[in-house]
Amino acid sequence: MEKIYGTSVRQDGLQKVGRRNFTLFYGLYTDERGSSYEYRHTFDHKPTWDEVKAKLVEAINEHTEETILNGYEWNGQRVWLSERNQRDFMMMEKLTEDAYPLKIKINEDGNGEPIYYTFVSEEEFAVFSKLSSQHVTDTLQAGWDEKDNLTPATFGF
């Protein structure tokens, strides 16, 4: 599905927009810059519920992944939570106290320059790591809940 920015009202549904074209509208989300968007997909035929549901699940999965990657903040800084970073942070929890202060790259700015954060103690890093794991868990749960709540009636089936 395609992200369409500028939407301010959620309008989930499937609408006929031509003799054979149907447009699927789904969601109302906000990105990391505060801009709102929805997902849309145009079918060149009247889709089945299975086709619609597959597109909806695809959109929810995309949104969930983006939220995991870009939705975690630590001390006012966005943290890039790629799968690699998640694994590295879990591994770093095992570091001993003599590894601190610990400077790690948490993201990049708009020009590709690294953004670093220095953790002064093992305790501070443990809180950071546990909150990042909680962010991932909460985001996955929200995506699962959203998929579980998809109903054919909302989309005219």
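**Notebook: helices, sheet and salt bridges**

I began with α1, where W49, V52, L56, A59, I60, H63, T64, I68 and L69 are buried (buried is under 20% relative accessible area, exposed over 50%, partly exposed in between, with a 1.4 Å probe and protein chains only). Helices (H or I, at least four residues) and strands (E, at least two) are DSSP runs, numbered from the N terminus.

A note on ground rules before going on. This is a predicted model, in which local features need pLDDT of at least 70 and side-chain atom pairs count only at pLDDT 80 or more, while totals for chains, interfaces and linings use all residues. Residues are numbered from 1 along each chain as its sequence is written, and side-chain values use heavy atoms, with hydrogens and water left out.

**Entry: helix α1**

I asked what the buried residues of α1 pack against. I found β2, β3, β4, β6 (77–79), α2 and α3 on that list, with contact meaning heavy atoms within 4.5 Å. Helix α1 itself covers residues 49–70 and lies across β1, β2, β3 and β4, running at about 150 degrees to β4. For such angles, axes are lines fitted to C-alpha atoms, for helices over the stretch in contact, and the angles run from 0 to 180 degrees between N-to-C directions.

I then checked the span of α1: its 22 residues reach 31 Å from first C-alpha to last, close to the 32 Å expected at 1.5 Å a residue. The expected span is 1.5 Å times one less than the number of residues.

**Entry: helix α3**

I ran the same check on α3 (residues 122–148), whose 27 residues reach 39 Å between the first and last C-alpha, close to the expected 39 Å. Among the buried residues of α3 I noted E124, F125, F128, H135, V136 and E146.

**Entry: the sheet**

I looked up the strand order next. The open sheet has 4 strands in the order β1-β4-β3-β2, with antiparallel pairing. Strands β1 (2–5) and β2 (13–16) stand at the edges with a single partner strand each, so one side of each has no neighbour in the sheet. From one strand to the next, the twist averages 35 degrees.

Two strands pair if DSSP finds at least two bridges between them. I found 4 bridges joining β1 to β4, which run antiparallel, and E2 stands opposite R40 in β4.

**Entry: salt bridges**

How many salt bridges are there? I have 9, taking a salt bridge as a side-chain nitrogen of Lys or Arg within 4 Å of a carboxyl oxygen of Asp or Glu. I went through three of them.

- R33 and D31 meet with N to O at 3.1 Å; R33 is exposed at 63% relative accessibility, whereas D31 is buried at 11%.
- R78 and E73 meet with N to O at 3.5 Å; R78 is partly exposed at 26%, and E73 is partly exposed at 43%.
- R84 and D88 meet with N to O at 3.2 Å. They sit 4 residues apart in helix α2 (residues 83–92), which means about one helical turn separates them. R84 is exposed at 54%, while D88 is partly exposed at 22%.

**Entry: E32**

I found E32 in the loop between β3 (22–30) and β4 (36–43), partly exposed at 39% relative accessibility. Leaving out residues up to four places away in sequence, E32 touches N70 and R78. I also took the C-alpha separation of E32 and K103, 71 residues apart along the chain: 24 Å.

**Entry: N107**

Is N107 buried or exposed? N107 lies in strand β7 and counts as buried at 17% relative accessibility. A polar atom of the N107 side chain lies 3.1 Å from the backbone oxygen of R78. Outside residues up to four places away in sequence, I listed R78, V79, W80, E113, P114 and I115 as touching N107.

**Entry: backbone details**

Which peptide bond did I find to be cis? The bond from Y100 to P101 is cis, with omega near 5 degrees. P101 belongs to the loop between α2 and β7 (102–108).

My last look-up was N75, whose phi is near 50 degrees, a positive value in a residue other than glycine. N75 sits in the loop between β5 (72–74) and β6 and is exposed at 53% relative accessibility.

Methods. Polar contact = N/O pair within 3.5 Å; in protein donor to acceptor, adjacent residues only side chain to side chain.
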